[in-house]
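Student: I would like a close look at one part of this model. Please start there, then show me what else deserves attention.

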Amino acid sequence: MLGRLTASSLVAFAPAKLNLYLRVVGKRADGYHDIETVMTTIDLYDTLVFSRTDDDQIQLAVRLASRLGNPVEAASIPTGPENLVVRAADLLRQATGTRLGARITLVKRIPSAAGLGGGSSDAAATLGALNRLWGCGVSAVELQVLASQLGSDVPFFLGETSTAICRGRGEILEPLPAGSGLTFVVAKPASGLSTPAVYRACRAEPADHRLSHLLQALKFQRGDLAARHLRNDLQSPAEQLNREVIHLACLFSEQEFGGHQLSGSGTAYFGVCKNRSQALSIAARLRQRGIPWVQVVQSRC
Ligand code: C5P
């Protein structure tokens, strides 16, 4: 979501995602894994403000939105080339040869190392915003190619689609129509998980009926049925690597969710609720149990 502030500045809202389904299909020769996943964006956003400069520099400042609620992360968000925002800007400059620069302010609400796609979404927002602000004229197809060089999830966030089946290493998209939306509680423990470490510990698993049942449930706007057909093959390896994931899974089992699981490689964990008032009361109970970050969010699937 992009908006113009002035002739030389833009604001972008970069959403987080949840994986309603993730099957590890197999390991590839290039070290990645082929997967089959259903991703949906949620109304939890990072905000990015881009100002065009003439000095050939990319300057990134990162601020934490107060409701992030995790002081450990403040120091850990890089502002140099390790940040996907800077890498996206550099990649677009290399691809187009532009001599323009940008001042970028990133306001983080999406926790890092959570499986919520925050860094990937920020990178996609950066490609889209700077393509416009610098007047590069890179086509949507070429932007997708650049996005896949930045990360497996980045192409999903670049498109207009809020829900998609993603295959390959995650970069091959089959958009799904938007629905009336599902309500979730999302929680994250203090610690995070490294995506490569979780993938190293996973194994390929056979297909089952859950994907087709989930897609049917989404098509007919049956959140209650969708909740029963969640799947994430990365949950078991994540639990082996991080005991806080097991603890969250236990706490979620005690609540009246329709279904619950890890998002992506974690450590964020979500449950599907009947409606917002149910979600708010479960979220309050989980906060009382000492979980540092708990949010009620909505998707458009
Ligand atoms: O693509 P991305 O940079 O987000 O991936 C981070 C790491 O996660 C990869 O280097 C790889 O180790 C692992 N990965 C994987 N299979 C995928 C996606 C990620 O093995 N489909």
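Where does aspartate 56 lie?

Tutor: This is a predicted model. Aspartate 56 sits in a loop, with strand S3 (33–53) on one side and strand S4 (58–64) on the other. Look at its backbone. Phi is near 65 degrees, which is positive, and the residue is not a glycine. How covered is it? Aspartate 56 counts as partly exposed because its relative accessibility is 32%, and that class runs between 20% and 50%.

Now step back into S3. Aspartate 43 belongs to that strand. Its relative accessibility is 38%, so aspartate 43 is also classed as partly exposed. Pair it with threonine 163. The two are 120 residues apart in sequence, and their C-alpha atoms are 13 Å apart in space.

A second positive phi turns up at alanine 113. The angle there is about 50 degrees, again in a residue that is not a glycine. Alanine 113 lies in the loop between S5 and H3. With a relative accessible area of 41%, it is therefore partly exposed. Alanine 114 lies in the loop between strand S5 (101–108) and helix H3 (118–133). But alanine 114 is buried, because its relative accessibility is 2% and the cut-off for buried is under 20%. Its C-alpha is 6.8 Å from that of leucine 193, though 79 residues separate the two in sequence.

Next, glutamine 261. This residue is part of strand S10 (residues 259–262). Its relative accessibility is 3%, so glutamine 261 counts as buried. What does its side chain meet? A polar atom of that side chain lies 3.2 Å from the backbone oxygen of leucine 20. The glutamine 261 side chain also reaches the backbone nitrogen of arginine 231, at 2.9 Å. So a buried polar side chain has backbone partners at leucine 20 and at arginine 231.

Past S10 comes an unusual backbone feature to check. The peptide bond joining glycine 266 and threonine 267 is cis, with omega about 15 degrees. Threonine 267 lies in the loop between S10 and strand S11 (269–273).

Finally, the ligand. The space it takes is the largest pocket. Around it are Gly31, Tyr32, His33, Gly151, Ser152, Arg169, Thr195, Pro196 and Tyr199. By class, that shell has three nonpolar residues, five polar and one charged. Helix H6 (residues 195–200) supplies the largest share, three residues.

Take the polar contacts one by one. A backbone N or O atom of histidine 33 lies 2.8 Å from a ligand nitrogen. A polar backbone atom of arginine 169 is 2.9 Å from a nitrogen atom of the ligand. Serine 152 uses its side chain: an N or O atom there is 2.6 Å from a ligand oxygen. Taken alone, the ligand exposes 450 Å², and the protein buries 75% of that.

Methods. Residues are numbered from 1 along each chain as its sequence is written. This is a predicted model: local features need pLDDT of at least 70, side-chain atom pairs count only at pLDDT 80 or more; totals for chains, interfaces and linings use all residues. Side-chain values use heavy atoms; hydrogens and water are left out. A residue is near a molecule or strand if one of its heavy atoms lies within 4 Å of it. A polar contact is a pair of N or O atoms within 3.5 Å; within protein, one must be able to donate a hydrogen and the other to accept it, and residues adjacent in sequence count only if both atoms are side-chain atoms. Accessible areas come from the Shrake-Rupley method with a 1.4 Å probe; for residues, only the protein chains shown count as cover. On a 1 Å grid over the protein atoms alone, a cavity is a set of points where a 1.4 Å probe fits but cannot get out, and a pocket is an open set with protein on both sides within 12 Å along at least five of seven lines; lining residues have an atom within 4 Å of a point. A molecule sits in a cavity or pocket if more than half of its atoms lie within 2 Å of its grid points. Helices (H or I, at least four residues) and strands (E, at least two) are DSSP runs, numbered from the N terminus. Ala, Val, Leu, Ile, Met, Phe, Trp, Tyr, Cys and Pro count as nonpolar, Asp, Glu, Lys and Arg as charged, and the others, Gly among them, as polar. Buried means under 20% relative accessible area, exposed over 50%, partly exposed in between (1.4 Å probe, protein chains only).
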